[in-house]
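This dialogue takes a learner through the reading of a protein fold. Each turn moves from a general idea to the case at hand.

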Amino acid sequence: LLGIPLVLKRYSMIGDGLSHVGFFALALAAIMGVPNEKTVYVTVPVVIIAAFLLMRMSESQKLKGDSAIALVSTGAVALGYILFSIAKSGAGDICAGLFGASILTVGMDDLVLCVILSAIVLVSYILLFNKIFSVTFDEAFSSAAGVSVRAANLALAVLTAITVVAGMKLIGSIMISALIVIPAVTSMKLFKSFKAVIISAVLISLICFIMGFIFKKIICEFLLFFVK
């Protein structure tokens with residue numbers, strides 16, 4: 001859902017930047033000694049604060065927004081790796097932060113939290129749909145019509161931050177940005193209508209996500225056989 005306006009507004013780097021900040025937040029939780037099931041209490045505020053900062057950077061005139069976001073993105077990964085090293089976390093923790101953990105590590109608390117965060121994103125997106133649509137295509141017209149462009153952009157960034165936190169533990173900080181951008185870009189190549197693009201993006205992401213779980217082992221074995 002959120003990938004469409006982010007890509008159209010050329011804010012896709014914000015999603016990527018937030019996902020890398022999420023990795024830094026996981027490392028911060030590790031060095032603070034926060035239990036694995038309670039890392040969300042660290043990642044949520046850190047990523048939401050980063051969403052505000054990245055949105056302001058994208059509007060910066062002194063330094064091009066995409067350059068500033070790239071600096072934050074790469075810097076967050078570097079700092080996260082350093083913090084994981086200081087916390088003496090193994091390579092498994094670092095890989096899980098970047099590429100996600102096993103689905104078996106997702107407990108009931110994580111499941112409930114993901115459902116709640118997903119519901120917040122869905123309800124907010126529906127309520128703000130007209131404003132998001134307007135700001136996505138014409139910020140000048142939206143501002144003239146009385147829509148607070150900055151507030152709408154910040155709301156979009158915060159919803160993206162919540163999405164990153166919700167999916168980061170299972171998918172990882174690297175892959176969650178791919179899940180935001182790739183279905184949106186694919187849908188825009190297939191359809192022209194805004195609503196059709198949204199619906200197809202959701203279906204594409206769901207199908208690819210489910211097929212990834214079902215056929216992951218088969219694909220890995222095939223690639224291993226092919227390499228050998």
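## Reading the fold

Q: How much surface does the protein expose, and what share of it do carbon and sulfur atoms supply?
A: Surface is the natural starting point. In this predicted model, the protein exposes about 13,000 Å², and 72% of that area is supplied by carbon and sulfur atoms.

Q: How many helices and how many strands does the protein have?
A: One lists the elements in sequence order. Here there are 11 helices and 0 strands, which gives the pattern α-α-α-α-α-α-α-α-α-α-α along the sequence.

Q: What percentage of the residues is buried?
A: Burial is judged residue by residue, with a cut-off of under 20% relative accessible area. Of the 228 residues in the protein, 36% are buried. As for contacts with a separation of 6 or more, 76% of them join residues 24 or more positions apart.

Q: Which residues touch the most other members of the largest nonpolar core?
A: A core is read through its members and their sources. This one has 44 residues, and those touching the most other members are Leu-2, Ile-4, Ile-14, Leu-18, Met-55 and Val-164. Two or more residues come from each of α1, α2, α3, α4, α6, α9, α10 and α11. Helix α9 gives the most, with 12 residues.

Q: Is Leu-18 buried or exposed?
A: Leu-18, in helix α2, is buried, with a relative accessible area of 0%. Leaving out residues up to four places away in sequence, Leu-18 touches Val-47, Ala-50, Ala-51, Leu-54, Ala-157, Thr-160, Ala-161 and Val-164. Its C-alpha atom is separated by 9.8 Å from that of Ile-49, 31 residues apart along the chain.

Q: Which residues are in contact with Leu-2, leaving aside neighbours within four places in sequence?
A: The partners of Leu-2 on that basis are Val-121, Tyr-125, Leu-156, Leu-159, Thr-160 and Thr-163.

Q: Where is the kink in α11 centred?
A: One compares the span of a helix with that of a straight one. Helix α11, residues 194–227, has 34 residues, yet its end C-alpha atoms are only 42 Å apart, short of the 50 Å that a straight helix would reach. A kink of about 60° in α11 is centred on Phe-215.

Q: Which residues of α11 are buried?
A: An α-helix has 3.6 residues a turn, so residues three or four places apart point the same way. In α11 the buried residues are Phe-194, Val-197, Ile-198, Ser-200, Ala-201 and Ser-205. These residues pack against α1, α6, α7 and α10.

Definitions and conventions: Residues are numbered from 1 along each chain as its sequence is written. This is a predicted model: local features need pLDDT of at least 70, side-chain atom pairs count only at pLDDT 80 or more; totals for chains, interfaces and linings use all residues. Side-chain values use heavy atoms; hydrogens and water are left out. Helices (H or I, at least four residues) and strands (E, at least two) are DSSP runs, numbered from the N terminus. Buried means under 20% relative accessible area, exposed over 50%, partly exposed in between (1.4 Å probe, protein chains only). Contact means heavy atoms within 4.5 Å. Accessible areas come from the Shrake-Rupley method with a 1.4 Å probe; for residues, only the protein chains shown count as cover. The expected span of a helix is 1.5 Å times one less than its number of residues. The bend at a residue is the angle between axes fitted to the seven residues ending there and the seven starting there. A nonpolar core is a set of buried Ala, Val, Leu, Ile, Met, Phe, Trp, Tyr and Cys residues joined through side-chain atoms within 4.5 Å.
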